[in-house]
Amino acid sequence: MAFVEPVTLRQSSLRLEPLALAHEAGLAAAAADGELWRLRVTSVPEPQDTRAYIETALRMRDEGNRFAFAVLDDATGRVLGTTSYHDILPAVKRVEIGYTWYAQSVHRTHVNTTAKLLMMGHAFDTLGCHVVGWRTDNFNFASQRAIERLGAKKDGVIRGHALRRDGTIRDTVMYSMRSGEWPEARAQLLYLLQRHAPAE
């Protein structure tokens, strides 16, 4: 039995369902919304590479080290983007959340906060994780702010850690949250969603 079993998560008109080839057209449209693949600090595929992106995610799911979700508007079924559990370590009950990107038109809305609330809740409350982690490019300041807004703590920086799409080598900023920190983080995220739904 896999540590992360297929599941669909819902809240506030948002739906996270296991990423599948059926999401190809919608995910390609989300990638095209804002041409996010042009950003050197993200891993957003060009629209014509969406199928290969999904196939890679499915292969990693079979290998047990990544579980990707499609993020959809629950009312319309529109694919807004994708996010994943990755670096899944069942022995120590740890997952990381990443491979996250959305159509530019839903940036600075409730979408990312709601999706992370769902994934953190599932990780801590259902999977029984002790730790949830995040990692991001040292120059992806927007991502760092978003992770910190979730209540995660900065663990440090791994220097010379990974290749960017342009061939340069990035430093990786690591964050984490322990299970004991989750109740307060959840309360704060719910408060932010209630008070600031129009903008994160």
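Biologist: Happy to look at this with you! Leaving aside neighbours within four places in sequence, which residues is Leu16 in contact with?

Modeller: Glad to help; please keep in mind that this is a predicted model. With neighbours within four places in sequence set aside, the contacts of Leu16 include Phe69, Ala70, Val71, Thr83, Ala115, Leu118 and Met119. To complete the list for Leu16, add Val7, Thr8 and Leu9.

Biologist: How many residues are in the largest nonpolar core, and which have the most contacts inside it?

Modeller: The largest nonpolar core has 37 residues. Those with the most contacts inside this core are Leu16, Tyr85, Val95, Met120 and Trp134.

Biologist: Which elements give two or more residues to this core, and which one gives the largest share?

Modeller: Among the strands, two or more residues come from each of β2 (14-18), β3 (66-73), β4 (79-89), β5 (94-102), β6 (131-137) and β8 (169-178). The helices α3 (111-126) and α5 (182-195) also give two or more. The largest share, eight residues, comes from α3.

Biologist: What lies apart from that core?

Modeller: Another core lies apart from it, and its members include Ala30, Val44, Ala57 and Trp101. This other core has 15 residues.

Biologist: Stepping back, in what order do the elements run from the N terminus?

Modeller: The protein has five helices and eight strands to place. From the N terminus on, they run β-β-α-α-β-β-β-α-β-α-β-β-α.

Biologist: How compact is the protein, and what is its radius of gyration?

Modeller: For 200 residues the globule rule gives 16 Å, and the protein's value is close to that, so it is as compact as a globular protein of that length. The C-alpha trace spans about 45 × 45 × 40 Å along its principal axes. The radius of gyration is 16 Å.

Biologist: Is Gln104 buried or exposed, or in between?

Modeller: Gln104 lies in the loop between β5 and α3. Buried would need a relative accessible area under 20% and exposed one over 50%. The value for Gln104 is 44%, so this residue is partly exposed.

Biologist: Which residues does Gln104 touch, not counting those up to four places away in sequence?

Modeller: Thr50 is 54 residues from Gln104 along the chain, and their C-alpha atoms are separated by 16 Å. With residues up to four places away in sequence not counted, Gln104 touches Asp33, Gly34 and Leu36.

Biologist: Last one: how far apart are the mean positions of the positive and negative charges?

Modeller: The protein has 25 positive and 23 negative charges. Their mean positions are apart by 4 Å.

How values were computed
Residues are numbered from 1 along each chain as its sequence is written. This is a predicted model: local features need pLDDT of at least 70, side-chain atom pairs count only at pLDDT 80 or more; totals for chains, interfaces and linings use all residues. Side-chain values use heavy atoms; hydrogens and water are left out. A nonpolar core is a set of buried Ala, Val, Leu, Ile, Met, Phe, Trp, Tyr and Cys residues joined through side-chain atoms within 4.5 Å. Buried means under 20% relative accessible area, exposed over 50%, partly exposed in between (1.4 Å probe, protein chains only). Helices (H or I, at least four residues) and strands (E, at least two) are DSSP runs, numbered from the N terminus. Contact means heavy atoms within 4.5 Å. The radius of gyration is taken over C-alpha atoms; the globule rule is 2.2 Å times the number of residues to the power 0.38. Lys and Arg count as positive and Asp and Glu as negative; His and the chain ends are not counted. The place of a charge is taken as NZ of Lys, CZ of Arg, CG of Asp or CD of Glu.
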